[in-house]
Amino acid sequence: MKHSINELALFGGQPAFDSLRPISNLLRPDIERFLEYAKTIYDAKQFTNNGVLVRQMEERFSLLHGTRHCIAFCSGFMALMMAMRSCALPDKTEVVMPSLTYRRMADIAAWAGLVPHFCDVDVVSLGMTAKTAANAVNEKTALILGVHPITNLCDIDGLEVLAQEHSIPLLFDAVEAAYAEHKGKMVGSFGKAEVFSLHASKQLNAFEGGYVTTDDDSLAEELRCVRGFGFAGKDNIVRLGLNAKLNELHAAMALACIDILPAHISQNRARHYAWQQTLADLPSLTLLLYSDTEPRGYKNVLVRCEDSWPLSRENTLHILHAENMLARPYYNPPLHESSSKLLTVCNTDLSATEKLTTQYILLPSGDFVSEKDIAVMGKLLIFMQQHAEEINRRIKEDNS
Amino acid sequence: MKDDGIECLAFLGGKAQFSTPLHVGQMNLPKWEHFENAFRDVFARRYYTNHGPLAQELEDRLAEFFGVRHVVTMTNGTIALMLAAKALNLTGKVIVPAFTFAATVQSLTWAGVEPLFCDVDPQTHVLTPELVAPLLDDPDVSAILPVHLWGNLCNAEALEELAQRKGISVYYDAAHAFGCTRKGEKAGCHGALEVFSFHATNVFNTAEGGCVCTNDDDIAERLRNLRSSYGRRISVDIPINGNGRFSEAQAAMGLLSFDDYPAIITANKARFELYTELLGNIPGIRILQPVSGEKHNYQYVVLEIDSQVFGLTRDQLIRLLEAENVLARRYFAPGMHRCMPYKGSYPNVVDALPTTDMLCECVMQLSSGQAVSLQDVRVTCELINFIYDNAESLRLRLP
């Protein structure tokens with residue numbers, strides 16, 4: 001507990017934590033379970049190329065999401081790139097996507113041969129809606145990428161109607177909404193396909209990895225084909241492909257994580273609830289709440305800095321980083337500001353995006369954060385608010 | 001052995017010589033205890049990816065091994081090739097052999113440049129300056145991408161001299177060439193950069209994986225930036241962001257691979273020499289040999305079958321061996337110029353690569369790697385000798 005601002009790590013005090021408290025989930029499954037799966041690699045003498053564990057993992061995920069197919073990839077990046085390319089209408093060029101999203105999304109589209117056409121998001125849900133997406137749909141649209149925001153879901157029903165009306169395929173990026181439900185149905189089964197990441201920072205940790213779920217048999221076949229150099233059977237290349245295969249070590253890790261998924265979601269829920277309790281005393285930081293009627297993954301802790309929060313976001317982050325809290329700004333800068341090297345289209349109103357990109361902070365969460373840590377972090381934030389005037393003065397002095 | 005006549009061959013209804021399949025490709029497993037310890041450490045450290053401590057350690061050890069300034073590890077060899085093309089800012093066309101694995105050529109297409117297919121030398125199976133030179137007249141050529149196929153290093157000095165005269169880059173696909181030398185210099189030090197694959201079928205195994213080696217500081221930094229923001233030293237200008245991250249699981253495997261490397265090479269060499277001894281005198285079979293005095297990894301056992309002399313075609317021989325659970329392969333048939341989408345895109349080159357077409361008809365690989373014992377090699381060679389001895393009568397029974 002700090003008593004004066006000199007005790008803030010930014011001003012030379014002892015950091016609140018002696019090791020990092022990240023925003024990444026970094027789920028550590030049971031090592032014995034992982035080793036059990038890894039023994040399969042030794043028994044089968046197979047490290048990759050659609051091995052036993054990859055197939056087992058794909059089966060588990062398609063059961064979990066209630067889809068006919070799950071196709072594993074070496075990363076969420078590659079899963080998105082391949083899914084965008086395979087889902088897009090062949091004679092069109094643009095993909096409609098929010099600007100307020102993952103910082104590499106425009107690059108992924110470019111690798112897939114598509115031009116991002118940015119749309120705005122809803123100011124409350126932070127997700128795109130049929131209305132914001134419709135502003136960017138035109139005769140060049142090859143694909144709508146429905147991206148779920150970081151807590152709840154985007155306008156699934158509205159986007160499905162919009163896509164259907166225009167006969168444009170709809171792909172969901174469900175990386176941040178994994179294991180949520182919409183109207184009693186698991187995310188994974190909406191649109192033409194949905195994409196997930198298994199990067200260590202996400203809900204389930206495969207070291208690196210990703211996957212696509214779909215009910216479309218021919219899309220699934222095409223994705224399996226492209227991730228393995230375009231081979232359809234031995235010595236027979238039928239289309240342009242590459243290597244986007246998930247290896248067996250990573251699949252073993254994913255399986256060990258799936259085994260503890262329900263327990264892990266409960267832990268994340270408890271952490272999120274602890275944040276909610278802690279921040280209840282701090283109305284100037286508003287925690288985005290998860291739906292209380294439908295299942296969610298509870299991985300992310302996102303707060304909005306209200307006008308009454310007396311520190312700038314930049315200074316808030318500086319202070320927290322010094323305390324070993326790796327808080328991050330939420331999707332900042334937005335893609336329409338950061339993708340100048342790529343061909344993009346940006347001709348719709350993005351005023352909500354421009355407002356939201358300045359307001360939000362992701363706070364530490366996941367496997368490295370205990371409920372006790374959250375109490376400490378809460379107290380620190382209250383301390384920062386109470387001593388804001390002094391802190392601002394000190395920062396100004398230090399900078400001059 | 002098959003001394004009861006050709007009916008005892010599995011293809012003709014006999015019992016297969018091997019109860020479990022023998023594969024082409026290394027598939028070298030570290031000792032389980034080593035694997036277990038390495039992963040207990042990873043779990044204890046709780047660092048899973050994003051250029052972690054093991055990835056950094058592996059890069060340092062690889063740089064020392066290759067004798068090169070920079071090693072940038074990547075998700076796999078194909079992604080390494082794609083990001084390498086972007087790091088070199090390639091445009092237009094790149095001269096590349098069609099007699100190579102799909103990844104070499106596909107990486108160019110993903111990077112937005114066109115392959116300009118070149119034929120290869122019938123003896124070494126790689127690009128030569130003589131074959132490359134005429135293609136340099138094309139004004140759109142921005143680089144040459146030779147492949148050190150089967151670990152046979154290309155004539156780097158001559159190729160680089162040609163390229164220099166034209167003011168373009170040479171970079172190598174060295175997927176097969178881990179530890180192989182030319183004039184005593186290891187693959188990894190040549191051209192603008194060299195790309196390796198650590199796929200489990202290769203001698204250095206990280207399950208999936210790869211790396212780029214370069215002595216050029218700027219190219220190295222562009223590669224790190226293209227791979228991910230994690231592990232970059234400074235932020236530099238790149239045309240597009242990629243994702244080529246290499247996990248701690250892959251790095252742990254790589255470090256174990258290093259420990260086993262000397263023993264793996266010794267075992268590969270013993271298998272290779274036994275194959276050479278037992279097959280070398282069969283008419284119509286040529287086993288590609290490493291250049292004497294150079295280091296080699298002996299990861300592939302590559303045969304050329306002269307069907308006129310041997311009495312059966314390569315495909316007939318493979319069919320007979322497959323039935324015996326010897327899963328011999330025919331890398332690479334057809335050549336990339338005859339594969340989609342290139343077949344349709346460049347119809348004018350389809351008939352312009354006679355050596356490639358010839359090799360695609362006659363080259364094959366025999367089983368290798370840790371799972372293949374010297375006794376397995378002996379039995380395989382006896383089988384092939386038996387097949388040769390009975391080629392005439394077998395020909396009548398084979399499609």
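**Exercise 1.** In this predicted model, find which residues Met84(A) contacts, leaving aside its neighbours within four places in sequence.

*Solution.* Start with the contact list: Met84(A) touches Val95(A), Ile108(A), Ala109(A), Ala112(A), Leu114(A), Leu143(A), Leu145(A) and Leu171(A). Next, place the residue itself: Met84(A) sits in helix α3 of chain A, residues 76-87.

**Exercise 2.** Decide whether Met84(A) is buried or exposed.

*Solution.* Count the other C-beta atoms within 10 Å of Met84(A), which gives 26. The cut-off for a buried residue is 20 or more. Met84(A) is therefore buried. For a longer view, take Glu390(A), 306 residues away along the chain: its C-alpha atom is 50 Å from that of Met84(A).

**Exercise 3.** Now over to chain B: describe how domain 1 of chain B meets domain 2 of chain B.

*Solution.* First, set the bounds: the domain assignment gives 6-26 + 260-397 for domain 1 of chain B and 32-118 + 125-256 for domain 2 of chain B. Their C-alpha centres are 27 Å apart. Then count the contact: domain 1 of chain B brings 29 residues and domain 2 of chain B brings 24. On the domain 1 side, the elements giving two or more residues are α8 (248-279) and α12 (354-362) of chain B. Of the elements on that side, α8(B) gives the most, with 5 residues. Finally, sort that side by class: 17 nonpolar, 9 polar and 3 charged residues.

**Exercise 4.** Work out what chain B supplies to its contact with chain A.

*Solution.* Chain B contributes 39 residues and chain A contributes 39. In chain B, α1 (32-45), α3 (77-87), α4 (102-110) and α8 each supply at least two residues. By class, the chain B side has 21 nonpolar, 11 polar and 7 charged residues.

Key:
Residues are numbered from 1 along each chain as its sequence is written. Chains are lettered from A and ligands numbered from 1 in the order in which they are written. This is a predicted model: local features need pLDDT of at least 70, side-chain atom pairs count only at pLDDT 80 or more; totals for chains, interfaces and linings use all residues. Domain bounds come from an automatic or database domain assignment. Two residues are in contact if their C-beta atoms, placed from the backbone, lie within 7 Å. Helices (H or I, at least four residues) and strands (E, at least two) are DSSP runs, numbered from the N terminus. Ala, Val, Leu, Ile, Met, Phe, Trp, Tyr, Cys and Pro count as nonpolar, Asp, Glu, Lys and Arg as charged, and the others, Gly among them, as polar. A residue is buried if 20 or more other C-beta atoms lie within 10 Å of its own, exposed if 12 or fewer, and partly exposed in between; C-beta atoms are placed from the backbone.
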